[in-house]
Amino acid sequence: MEKQSLLSLFTSNPDKYYKVSLFDEKGFKRQNCKLCGNFFWSINDKDSCPEHENYSFIGDPPTTKRLDFVDTWKELSSFFRKNHHELIQRYPVVCRWREDLYFTIASIVDFQRVMNGKIVFEIPKNPLVVPQMCLRFNDIENVGLTGRHYTSFCMIGQTCNADAPGGYWKDRCIELDHAFLKDVLGIQSEEITFVEDVWMGAGAFGYSLEYYVRGLELGNAVFTEFEGDEHNYRTLDNKIIDMGAGLERLSWITLGTPTSYDATFGPVIRKLADIIGIDIDSKSEFLSQYFRIFSEKYSNYQNDVRLLKTNIAKELGISYKVLEKTILPFETLSVIADHTRTLLFAISDGSLPSNVGGGYNLRIILRRTLALLARFGWRVNLEDIMDLHIEQLKSMYPELKEHRNDVRTIIQIESGRYSSSKERMYSLAKSMLTTKKIPSVNDLIRMYESDGITPDFLLETGVIEKIPPDFYLKLAELHTTHESKQVPVVETVTGLKPTRLLFYEDGSIREFDARILRILGGKYMILDQTAFYPRGGGQEPDFGYIEGIKITDVIKQNDIVLHKIDVPSKDSFSEDKIVHGIVDNKRRVAITKNHSATHILNSAARNSLGSWVWQNSAFKEEHYARLDITHHSALTREEISKIERTANEVVQKNLPIIIKVFERSDAEERYTFRIYQGGAVPSNNVRIVNIEEWDVEACGGTHVNKTGELGLIKILRTERIQDGVVRLEFVAGNNALQYVQSQDSRLLHIAQSLGSSKEKVVESFDKITADNELIKRKFRILVNKFSDNMAESVSQKATKSRSGLKIYGTYDDEIGDDYYIALGEKSIDNNPFLVYVALVQDQERIKVIVFVGDEARKIVKASTIAKEISLKLGGTGGGGTEKFAQGGGKDKSKVQGCLINLENLLTGVLDSSEKND
Ligand SMILES: [Zn+2]
Ligand SMILES: [Zn+2]
């Protein structure tokens, strides 16, 4: 659907779509922009729309009140409360309720749920106002530069369902927004301009009025009225008002500061400037002037900010260099304030910086911030900056304080990782400086992806002169949305009612009768009802029998359950026949226990490690289960046993597991978004599995009634499977008992082999290890004692070569290398003309040991010989000094040849080394 064609659809009928009662009342007239053709409404006659105006409010705010960020929210919330709106708390910035988004990107996203590829609106109060923090990473490079771009911002959502009780439509919406600007902020109606626009998304669309004051867009009221496309559309049953206004901008217009960052981060930036030693006030007049011009010209220079700055410098009568030197510290302070606030919200809400998924952009801005601090030599901790944000925002977002320690932990780990990788980064930068190759944007992206090198770092080290303007945008685009999950489809089934799911009605049913509705390709049977649990939510399917025929797989497609028949048989199965099904009880019970254990472990991990722990994915089958959690590092032994201990305490408490179905919005309100451990739920009704006082999750799986039924949860092993994700493999119930018993019998086997008992096996093992070391030491002493005589015999056995060297070669597959190393050393002491080569069988490999005496070394080096022989034995080469070198290979058939031809080999080595000289 084209935006332009929709816009012409609506603008061709302005009275119907855009005109609201306020316009008649106050005398707003519809006008046409002579520069871009946009239609807009204002009281005064104007030639152009506000997009072409400069920010004349900078240094001269049009309001009667001066409000900082938090006070703006206070005024706004009390205005809407007085006008019968419910204030609701912000939703998490990590968007757990939408599979297609990592982060909440707009206030309306709070109330959108996706069902069958379509967006549905669920608005918990009507009408409402929400101060929603939103994260967007498509403007990273503009942050700081433009005075108004952010990676996180607070979008005030004024939202209602127009057709539900309490709802209203466009007249009332614009009346309220105008009243807030005029009566609360004190902006004259003549200052306000409404611009006609459209909005569309996921099958719904509407017209909108953006409102501007002195060139600054303050808000956008969207009237979502239709679904379909511009040719074929119908009015929604529930029309939606979606007004979004940036709190940062509302505060900015009342303060008239040079940038919106000064208004938004006021106390944070001031404190930082104090610490760093920058005087903001003395530059205020200059910055105001600069940003006024910047705002006016920015749209013409979006792709070349440097050129824009050069032109502004000319206009101000200074050089580009002087301009850059003056504003750069302020731009950088703003970037740091913005990035740290974004990280604070994201980590507080459970997201981790990493190299994958949504964590990707968090690590980018974190490393960018650290690189900037380093580049300017500013000694401030990120954690301390976060504390400044928490302090500023405590009345608006008190929850930030609760997660303060968790955020600190994550920031410290990430900062540590960054500084430990810096050394490698410096050496890479150095080699790039010497080759003088200028990296392309794609090179830069590769360097960030593989080595974590930010362009800010390369700027700091002088490898590049400027950061390509599209670097962060390109990088962010690579990691903005989830990949869609592919579900294997057997065959599309139509015309059947949903299968009745008996396992939800009574979890104890193992035998049932059902009518065959259809057989697909002789392989899949569809029944009217079933007690077989189909694969889903990481839980493997039930097996069993239908009329004595084995069922080897059960899957669900939409609402239909398909039973895979082991032996395709048309005779015994015909449509409409009543059949008897039996579910394999042992398998179901084992899987069910593993599933309940997953929920217990998930909360045990979160309680033991930190609030950033979420289920990343899970898999439950009969003899094995695994849970992947989000966590920053590999688990230590102590952490593993703490999680296991905590989980088993929950088992021992024998807590009831209550399963109930709630309306989705009800479930979210009651239990928060923590319920979405297994991802978003694409249904109005949410099945809540509640382990009382321990864990609450939305889940469609089978569960035990009380935690005590699990008996035991045993973690088998853990592994960090990717950046930010740790896997726990475990078993519960009988499987856990079997595991412990099998470990026990292995231990018994070891104990018996050691001639010990299970109780004393560790002591026995330690003793044997110590004995072993002692024997080795004695052997070495023995070798030393006798090697003097042996050395003499080596010298005698050695053959004299054409070049005057004495050559000795031997092969052994019994005694081991300790002996031959000791002997070699003695032998060359004894005879300085000696070249000593020992080939020693060491398990699968033949070890090459070479010693070269003092005199012989003038002609040949041990390292060259070791390398040459290793290659002949099929190895990759050896290493060592002129005197002593080692190597090896696996080709035993070449041993004798090597020894016989040792002289020729040496001659070859000599020849080539002469050539090299
Ligand atoms: Zn215009
Ligand atoms: Zn579950």
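Is Cys33 buried or exposed? I looked this up first and found that Cys33 is buried, with a relative accessible area of 4% (buried means under 20% relative accessible area, exposed over 50%, and partly exposed in between, with a 1.4 Å probe and protein chains only).

I noted that this is a predicted model, in which local features need pLDDT of at least 70 and side-chain atom pairs count only at pLDDT 80 or more, while totals for chains, interfaces and linings use all residues. Residues are numbered from 1 along each chain as its sequence is written, chains are lettered from A and ligands numbered from 1 in the order in which they are written, and side-chain values use heavy atoms, with hydrogens and water left out.

Entry on ligand 1. I listed the protein donors of this zinc ion as Cys33 (SG), Cys36 (SG), Cys49 (SG) and His52 (NE2), at 2.1 to 2.3 Å from it (donors are N, O and S atoms within 2.8 Å of the metal, or 3.2 Å for Na, K and Ca; water is not among the atoms, so sites may look incomplete). Along the chain I read their spacing as C-x2-C-x12-C-x2-H. Cys33 sits in the loop between strand E1 (29-32) and strand E2 (39-42), and His52, 19 residues apart from it, in the loop between E2 and helix H4 (69-82) (helices, H or I of at least four residues, and strands, E of at least two, are DSSP runs numbered from the N terminus). His52 is partly exposed, at 31% relative accessible area.

Entry on ligand 2. For this zinc ion I found the protein donors His595 (NE2), His599 (NE2) and Cys699 (SG). His595 and His599 both lie in helix H20 (residues 585-609), four residues apart, about one turn of the helix, and both are buried.
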